[in-house]
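Please look at the sequence and the model below. The paragraphs after it go from the overall fold to single residues.

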Amino acid sequence: MRAKQVTIKIPDYLEDHLWLAKWQTFHKEHPEFMQMCITELNRAVMACRKKASIKSIAEYIRWNVFLEKDPTDHYKVNNSLVSLYAHIIVHNYPQFKDML
């Protein structure tokens, strides 16, 4: 069973961002990365955490993918893209606004 496709909206203020096209390409190739970020944010909420770091979450995902898959099959997500994930996640999932 395939996961339901979710339409991701880009905040207007990011439309001219230098890295947006690269983010869109990465997201199209790896839509599961955003879902893993959301999963980890929900885990933080369930653990009663008030703040979370998208950079820490991305590093955690990279590490786990590295351990679970072939060592050459890890996410090569640029940290500039990670910061865009924070903005895009908050725009699409406002419940994380005060957390990120």
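In this predicted model, the protein chain has four helices and zero strands. Followed along the sequence, the pattern is α-α-α-α. The radius of gyration is 14 Å, close to the 13 Å that the globule rule gives for 100 residues, so the chain is as compact as a globular protein of that length. Along the principal axes, the C-alpha atoms fill a box of roughly 40 × 35 × 30 Å.

Of the 100 residues in the protein chain, 33% are buried. Contacts between residues at least 6 apart in sequence can be sorted by separation, and 70% of these join residues at least 24 apart. The surface that the chain exposes comes to about 7,100 Å², with 56% of it supplied by carbon and sulfur atoms.

Charged side chains come next. Side chains of opposite charge can pair when their charged atoms come close. A search of the whole structure finds three salt bridges. One of them joins R43 and E40, at 2.7 Å from N to O. Both residues belong to helix α2 and lie three residues apart, about one turn of the helix. R43 counts as partly exposed, at 48% relative accessibility, whereas E40 counts as buried, at 17%, because buried means under 20% relative accessible area.

Helix α3 spans residues 54-68. K55 and E59 form a salt bridge with an N to O distance of 3.7 Å. These two residues are four apart in helix α3, so about one helical turn separates them. E59 also meets R62 in a salt bridge, at 2.5 Å from N to O; E59 and R62 are three residues apart in helix α3, again about one helical turn. K55, E59 and R62 are thus linked in a network of salt bridges. Within this network, K55 is partly exposed at 45% relative accessibility, and E59 is partly exposed at 34%. R62 is buried, with a relative accessible area of 14%.

Which residues make the nonpolar surface patch of about 330 Å²? The patch is made by W63, F66 and L67. L67 is found in helix α3 and is exposed, with a relative accessible area of 51%.

A last stop is the loop between α2, residues 31-46, and α3, where C48 lies. C48 has a positive phi of about 65°, although it is not a glycine. With a relative accessible area of 65%, C48 is exposed.

Technical notes: Residues numbered from 1 in each chain as written. Predicted model: local features only at pLDDT ≥ 70, side-chain atom pairs only at ≥ 80, totals over all residues. Heavy atoms only, no water. Patch = residues over 30% accessible without salt bridge, like charges linked within 9 Å, V, L, I, M, F, W, Y side chains within 5 Å. Areas by Shrake-Rupley, 256 points an atom, 1.4 Å probe, with all protein chains shown as cover. Salt bridge = Lys/Arg side-chain N within 4 Å of Asp/Glu carboxyl O. Buried < 20%, exposed > 50% of the residue type's maximum accessible area, 1.4 Å probe, protein only. Rg over C-alpha atoms; globule rule 2.2 N^0.38 Å. Contact = heavy atoms within 4.5 Å.
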